[in-house]
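User: I'm new to this one and would like to learn how to read it. Could you walk me through it, a feature at a time?

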Amino acid sequence: MFLFLPIVFLLLCTLQWIVDRKRRFRHFEKLRIPGPKPNFFFGNLWELRRSGVAEFYIFERWKRSYGDIFGYYSGTRPVLVVTNLDLIRQILIKDFNKFHDRPKVPVNVEPVSKTLVGLRGQRWTTIRRLLAPAFSNHKLQSMSVPVKDKVQILLDTAEEHATNGESLDFATATECLSFDVICECALALPGNSQKDQTDPLFQASRTFLEQGKNMFTFFAIVFPPLANIFAFLNRHFASSGLSTCQIIKSLRGVLEERRQQPRTRRVDVLQVLVWGAEKRRRTLTESSTDSEWCNDDNTDKVDLSDDEIIANAWVFLLGGFDTTAHATAFTIYLLAKYPHVQEKLLQELKEHIPLSTRVGYQQLRDLQYLTRIIRESMRLYPPVESFVMREAACDVNYPDVKIPQGTLIQVPLWIIHRNPEIWPQPEHFDPDRYFTLASF
Ligand code: HEM
């Protein structure tokens with residue numbers, strides 16, 4: 001008898017769990033939106049994450065089977081995949097007020113939830129506005145000096161390897177270059193991974209990016225009520241969690257150092273966050289550059305905690321490092337593979353930049369062919385292909401599709417970038433295609 005009631009209770013809970021899960025998996029069926037059949041435990045996440053096939057291939061397969069708009073389940077969460085450009089424009093731009101948030105981070109992995117990537121609603125807007133001046137033309141121009149110095153290290157290394165007849169692993173070389181540039185420009189840290197790859201911050205950042213999608217985060221998505229337990233396990237036992245703690249510790253040290261030298265002339269992303277935290281408008285006289293940063297009317301209204309400062313410094317480091325490295329490496333690869341494009345680029349460089357001068361930020365605007373090469377490289381090999389996601393803040397009815405509140409929307413860049421209806425001969429690397437495409 002003592003055991004009877006607990007067993008009945010347990011059975012009822014299990015039954016309720018099964019019924020609820022089955023109900024969630026009928027979301028797209030009720031809306032008559034096609035898509036792959038979900039597995040009771042994993043939704044479609046197993047196929048997407050653990051089948052050993054790249055996510056974009058799975059999306060391609062699904063698009064071929066189900067068309068331009070289809071739905072799948074990330075755990076139990078319904079995700080609507082949209083590849084129709086008009087609808088994408090509607091969701092991301094025209095109806096931004098109905099789709100302003102990214103999906104809630106499924107695993108409360110600190111510090112992600114405090115970053116621009118994890119923040120939602122008004123807090124995202126406030127911090128986004130605070131950070132915007134960090135990317136003004138003026139700022140980017142001032143960053144060009146450290147960028148040039150770091151690039152010179154890569155060129156010297158490449159020359160040394162060429163002289164010695166040795167091959168150079170450009171994927172790693174661009175990873176180090178990009179890491180050192182972000183460290184210098186965003187955090188004013190002397191990134192030195194190009195010379196010393198054992199640099200602990202570099203190693204920790206790499207580990208996080210390689211191991212971020214692990215079994216703990218997978219199960220946290222699949223079983224949301226247990227997410228906190230998996231988040232704990234991730235933090236303490238997964239290498240990505242441990243490397244996050246290491247990165248946070250380093251960034252905390254950088255922040256403390258900054259506070260001890262408040263009159264620093266360094267103006268980088270971290271400094272903008274520090275000023276935001278001070279909750280007052282500063283009128284520095286050191287340079288016009290500094291005052292430009294402080295004239296934003298929001299700076300004196302934002303109350304940033306140390307955790308938020310560190311979290312956003314972290315996201316700039318990790319969001320900027322791998323993406324830029326990937327884009328640079330693939331562009332170099334394509335230039336090597338297509339010598340006629342390389343030759344044409346050299347001609348452009350010779351025309352616009354005399355040999356005696358070093359390339360400056362302003363001159364980049366004149367390098368139209370280079371711009372087209374980078375666009376085409378990122379079309380073929382987008383560094384981020386499945387991160388553009390939004391959550392419907394309310395029910396939205398479009399002529400072709402009804403989107404209930406809470407549905408996640410995903411824009412799969414890889415398949416859009418290789419859609420032959422948008423890009424004739426999509427597999428072909430052709431920087432000149434942007435001459436003929438009306439929208440460019
Ligand atoms: C080739 C390089 C890069 C690519 C391809 C790239 C791609 C992207 C994409 C696709 C998004 C999502 C946009 C959306 O949801 O609408 C994003 C957001 C973001 N990226 Fe990058 N990114 C690159 C470089 C960088 C760099 C250098 C940094 C930092 C210094 C950075 C920091 C961020 C941040 C903080 C967000 C969130 C922005 C927000 O919520 O407003 N990214 N990036």
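Analyst: Sure, let's start with a strand pair: strand 3 and strand 6 (residues 408-410) run antiparallel and are joined by three bridges. Strands here are DSSP runs of E with at least two residues, and helices are runs of H or I with at least four, numbered from the N terminus. This is a predicted model, where local features need pLDDT of at least 70 and side-chain atom pairs count only at pLDDT 80 or more, while totals for chains, interfaces and linings use all residues. Residues are numbered from 1 along each chain as its sequence is written, and side-chain values use heavy atoms, leaving out hydrogens and water.

User: In what order do the strands of the open sheet come, and how is it paired?

Analyst: In general, strands of a sheet pair through backbone hydrogen bonds, either parallel or antiparallel. Here four strands make an open sheet in the order 1-2-6-3, with mixed pairing; two strands pair if DSSP finds at least two bridges between them. Strand 1 (69-74) and strand 3 (389-391) are at the edges with a single partner strand each, so each has one side without a neighbour in the sheet. Within strand 3, Arg390 sits opposite Ile409 of strand 6.

User: How do I read two packed helices, and at what angle do helix 15 and helix 16 cross?

Analyst: Two packed helices are described by the angle between their axes and the distance between the axes. For helix 15 (residues 306-337) and helix 16 (residues 339-352), the axes come within 5 Å and cross at roughly 105 degrees. That makes the two helices roughly perpendicular, a label for angles of 65 to 115 degrees. Axes are lines fitted to C-alpha atoms, for helices over the stretch in contact, and angles run from 0 to 180 degrees between N-to-C directions. Among the residues making the contact (heavy atoms within 4.5 Å) are Leu335 of helix 15 and Leu345 of helix 16.

User: Which residues come nearest to the ligand?

Analyst: Of the 19 residues around the ligand, the nearest are Arg102, Trp124, Arg128, Phe316 and Arg390; a residue counts as near if one of its heavy atoms lies within 4 Å. Arg102 has a polar side-chain atom 2.8 Å from an oxygen atom of the ligand, and a side-chain N or O atom of Trp124 is also 2.8 Å from a ligand oxygen. With Leu116, a backbone N or O atom lies 3.5 Å from an oxygen of the ligand.

User: Which helix gives the most to that shell?

Analyst: Helix 15 does, with seven residues.

How values were computed. Angles under 35 degrees count as roughly parallel, over 145 as roughly antiparallel, 65 to 115 as roughly perpendicular and the rest as oblique. A polar contact is a pair of N or O atoms within 3.5 Å; within protein, one must be able to donate a hydrogen and the other to accept it, and residues adjacent in sequence count only if both atoms are side-chain atoms.
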